[in-house]
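User: Please take a close look at the interface between the two chains of this model, and then set it against the surroundings of individual residues elsewhere. A connected account would be preferred to a list.

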Amino acid sequence: MEKIKLNETPVRTSRNFNINNIKLENIKIPQEIGKFENTKITGQNSKINIQENKNDCNLTYGIGEVLVNQIKENSNKDMKIIIDSKTNKELKIEFNLDEKNINLLENIKIVANENTKSTIILKYTSKDNIEGYHNGIIKVLAKEDSEINIMIINLLNEKTSNFISIENVAEKQSKIKYTIIDFGGKHSITNYYSNLEGHQSENKISTIYLGKNTQTFDMNYICELMGQSANIDIDVQGALKNSSKKHFKGTIDFKKGCKRAKGNENESCMLLSDTAKSLALPMLLCSEEDVEGNHSSSAGKIGEKELFYITSRGFTIKEAMKLMVRAKFNKILETIKNEEIKSEIVNEISKRLD
Amino acid sequence: MSKHKINEIDRNIYDIKNKDEYDFKIEKGLTREIIEEISKQKNDPVWMRKFRIKALEVYNKLELPTWGPDISELNMNEIATYVKPKTKLSNSWEDVPEDIKNTFDKLGIPEAEKKSLAGVGAQYDSEVVYHSMKEDLIKQGVIYTDMETAVTEYPDLVKEHFMKCVPVHDHKFVALHGAVWSGGSFVYVPKGVKVDIPLQSYFRLNSPESGQFEHTLIIVDEGASLHFIEGCSAPKYNKVNLHAGCVELYVKDNAYLRYSTIENWSKNMLNLNTKKAIVGKNAQVDWVTGSFGSKISMLYPMSVLNGEGAKTEFTGISFAGMGQNLDNGFKVIHNAEHTSSVINAKSISKGGGKCTYRSLVRINENAKNSKASVSCESLMLDDISVSDTIPVNDIRTDDVEFSHEAKIGKISDKTIFYLMSRGLSEEDAKAMIVRGFAYPTSKELPVEYAVEMNNLIDLELEGAIG
């Protein structure tokens, strides 16, 4: 059992605000990792090729030294995914934690070669009764003119610890799009860093989180704009039930020289209980004059008028609440092309709101 | 579009230096002996002397902030914390020594007093040298005096409120303030009394390598109202000066207080000031702040909305030029039902200056049906400046309406083009846009101070854009 400090913000603010990092107590960091063999891969072909990925887990930020080092030393799933497809091919990797595969430490590197298009789906599930442990690194290099869509679906149970460090480098005119569905984990801690070094490079992040019981979500998104006309768009939509809580730290950092760059950040939290807690730090850092940066953040409960309207049409309060949450997430859900995945997520939302 | 090199600005009247003359100047540094000597010089009662010593102990235990601008150049061993000017407190400008009176004349204080103020306090270095208030307010029971007089003449009121709103443990510079405070104003507005014309305190620091640590304590009793204006300036020296004042505002049930500040410290000043208001049931405190001076500023006024239906509004602008790092913002704690807060913060950076907006909005579990709205805009006037926005939004209950929005960017080329097509030069067009950007703050100030703020903006813009 340990107490660890994770997800430091790139710029500190007053310690009394309790947001510079997250301190987790009673964390079980497993020493004996074992093998992880419950992985299902679909869509692999000559244009999306998986190789072994060793010794490439150095990160600019990362979730925290202890956990990054743990992967360096003990990862049990290493993959280097090389993309050469010119049409949008889909690769789906499912990691299923169970009694025999209780710890997952994956180190994934994705290289989208020039002028390629691809979709990578990474799905994490766990059996209901296990106390699993997931700690992963995902590194993405989007080469010139490439387009890559990455979906991360966290459907782990509420007993499992979930840690993930993401790092992206976007070269000239490349596009990186993330859709993150963050539902599972006793605590789900995400560190996301993007370096938009290429001119006209783009990064879009759409996140949905849904907390219940005592779940804790800590998201630390850091996006540095370096290339001219680079563009970042962060959209985080969430709902919190019971005594769940969320910390969102979003940093858009306009570095000197990123002329005509644009950055938008929108974070919105629906509070479904009077004991749920939302803490947000949407930062804009700017060292370049010729940019446009916007952020907005909001929190509140479901509108009473809307709730009244829906219930007056014969729905119960619970059904109305589900509809409202679903409506809130809809803008992001509609961008998911894979109907099977979309349907699974919609069902999961319904299940978690019961 | 071409840009000029930015020159050092002529701050004319603000940079007038008088000879460093004083009645008494404490040796530099911060020791128990120094604190005891300050206390002796000020004829403190025993409780205040003990309070200062305790605050020093807290100061020695606390760490410097691990965030914000780098203040490592501050060396307390190089700062004299108490400078007693060569005059006594007076209620007539005629009795104030010529050079000090001339300084305040040039700053327009006696003139403003005649035209538009109900009372004035003027502090020079560590002591208040002039204080007066209109007769009719005295008759209504309003107290407006320097803080030292309040300690002796209104001990119960002072003891009940002094550093209770801002406890010395809050941070290191509050503890420092508690140990070395000197000067400042005390205001008490009795129940139901409406002070229609503003009171103003002006703080002038003349002595080099010294600090100003004035304490402002304002109590607006139930159903009363007040507009208080605070101004501050200092001439520029080569070495660092320190300002670590403290403002404590008690706005009781159904009362109203507007606290306006035009801060124009010199650009060798570290402005590490603390301001906080405790707001009662259905009461309101409004903050209006124009922050132009200082080398480094760390200033985050705070409203604690303790009473049901309490409200607060913050309207502020920071303007950072060459060599300045202004880390300003606002904090609000919603601590009761049906409370509301509105924050409008703006910043302008130019000439390599850095502006940071740093804030906290916390809506506690007990603050059901509360509303908070934050709007934050930053304007960059060149590509060598920096502008950061670091807001924390901490929402701890569901029955709230909270929204926050922020924008950052340069002056729109389209807008400049539009104004130029109407006959304005590019420079005039940009200056007009900047003044328009600052308008939400200047319109909240009394007209004389809005003019002063616009003059300051013009001064700051001179040679900065084009």
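Analyst: The structure is a predicted model, and the account begins with the contact between its chains. Chain B and chain A bury about 3300 Å² between them, and carbon and sulfur atoms give 50% of that area. On the side of chain B, B:Asp383, B:Asp398 and B:Ile408 lose the most area to chain A, together 18% of what that side buries. Counted by residues, 43 of chain B are in contact with 41 of chain A.

The polar part of the interface can be described in two ways. The rule for salt bridges finds six across the interface of chain B and chain A, while 20 residue pairs are in polar contact there, both residues of each pair being at pLDDT 80 or more. The elements of chain B that give two or more residues to the side touching chain A are strand E22 (354-363), strand E24 (386-395) and strand E25 (400-410). Of the elements on this side, E25(B) gives the most, with 11 residues. By residue class, the side of chain B that touches chain A divides into 14 nonpolar, 11 polar and 18 charged residues.

Two salt bridges between the chains can be examined individually. In one, the side chains of B:Asp399 and A:Lys301 meet at 3.1 Å, N to O. B:Asp399 lies in the loop between E24 and E25 of chain B, and A:Lys301 in the loop between strand E20 (291-300) and helix H2 (304-311) of chain A, so the pair joins two chains. The partners differ in burial class: B:Asp399 counts as buried because its relative accessibility is 19%, under the 20% limit, whereas A:Lys301 is partly exposed, with a relative accessible area of 28%. In the other, the side chains of A:Asp274 and B:Lys368 form a salt bridge at 3.5 Å, N to O.

Salt bridges also occur within the chains, and over all chains the rule gives a count of 47. Within chain B, B:Asp394 is bridged to B:Arg396, with the closest N and O atoms 2.9 Å apart; both of these residues are buried. Within chain A, A:Glu8 forms a salt bridge with A:Arg12, where the closest N and O atoms are 3.6 Å apart. A:Glu8 is partly exposed, at a relative accessible area of 32%, and A:Arg12 is partly exposed as well, at 27%. Chain A also holds a network of salt bridges that links A:Lys92, A:Glu94, A:Lys123 and A:Glu344.

A charged residue without such a partner offers a contrast. B:Lys172, in helix H8 (residues 172-180) of chain B, is buried yet has no salt bridge. The nearest side chain of opposite charge, that of B:Glu63, is 9.0 Å away, and a salt bridge would require the nitrogen and a carboxyl oxygen to be within 4 Å. B:Glu63 is nevertheless among the residues that B:Lys172 touches, together with B:Tyr59, B:Leu62 and B:Leu64, when residues up to four places away in sequence are not counted.

Two further residues of chain B show buried side chains with polar contacts. B:Tyr130 is placed in strand E4 (residues 127-133) of chain B and counts as buried because its relative accessibility is 4%. Beyond four places in sequence, B:Tyr130 touches B:Leu89, B:Ser90, B:Asn91, B:Ser92, B:Trp93, B:Val96, B:Glu113, B:Val120, B:Gly121 and B:Ala122. With one of these, B:Trp93, B:Tyr130 makes a polar contact between side chains at 3.4 Å. As a measure of separation, B:Tyr130 and B:Glu377 are 247 residues apart in sequence and 39 Å apart in space, C-alpha to C-alpha.

B:Thr339 is found in the loop between strand E20 (325-334) and strand E21 (340-349) of chain B, and at 1% relative accessibility it counts as buried. The side chain of B:Thr339 reaches the backbone oxygen of B:Ala336 at 3.0 Å. Leaving aside neighbours within four places in sequence, the residues in contact with B:Thr339 include B:Leu305, B:Gly307, B:His334 and B:Asn369. The C-alpha atoms of B:Thr339 and B:Leu56 are separated by 36 Å, the two residues being 283 apart along the chain.

How values were computed
Residues numbered from 1 in each chain as written. Chains lettered and ligands numbered in written order. Predicted model: local features only at pLDDT ≥ 70, side-chain atom pairs only at ≥ 80, totals over all residues. Heavy atoms only, no water. Helix = DSSP H or I, 4+ residues; strand = E, 2+ residues; numbered from the N terminus. Buried < 20%, exposed > 50% of the residue type's maximum accessible area, 1.4 Å probe, protein only. Lys, Arg positive; Asp, Glu negative; His and termini not counted. Contact = heavy atoms within 4.5 Å. Buried area = accessible area lost by both parts, 1.4 Å probe. Polar contact = N/O pair within 3.5 Å; in protein donor to acceptor, adjacent residues only side chain to side chain. Nonpolar A, V, L, I, M, F, W, Y, C, P; charged D, E, K, R; others polar.
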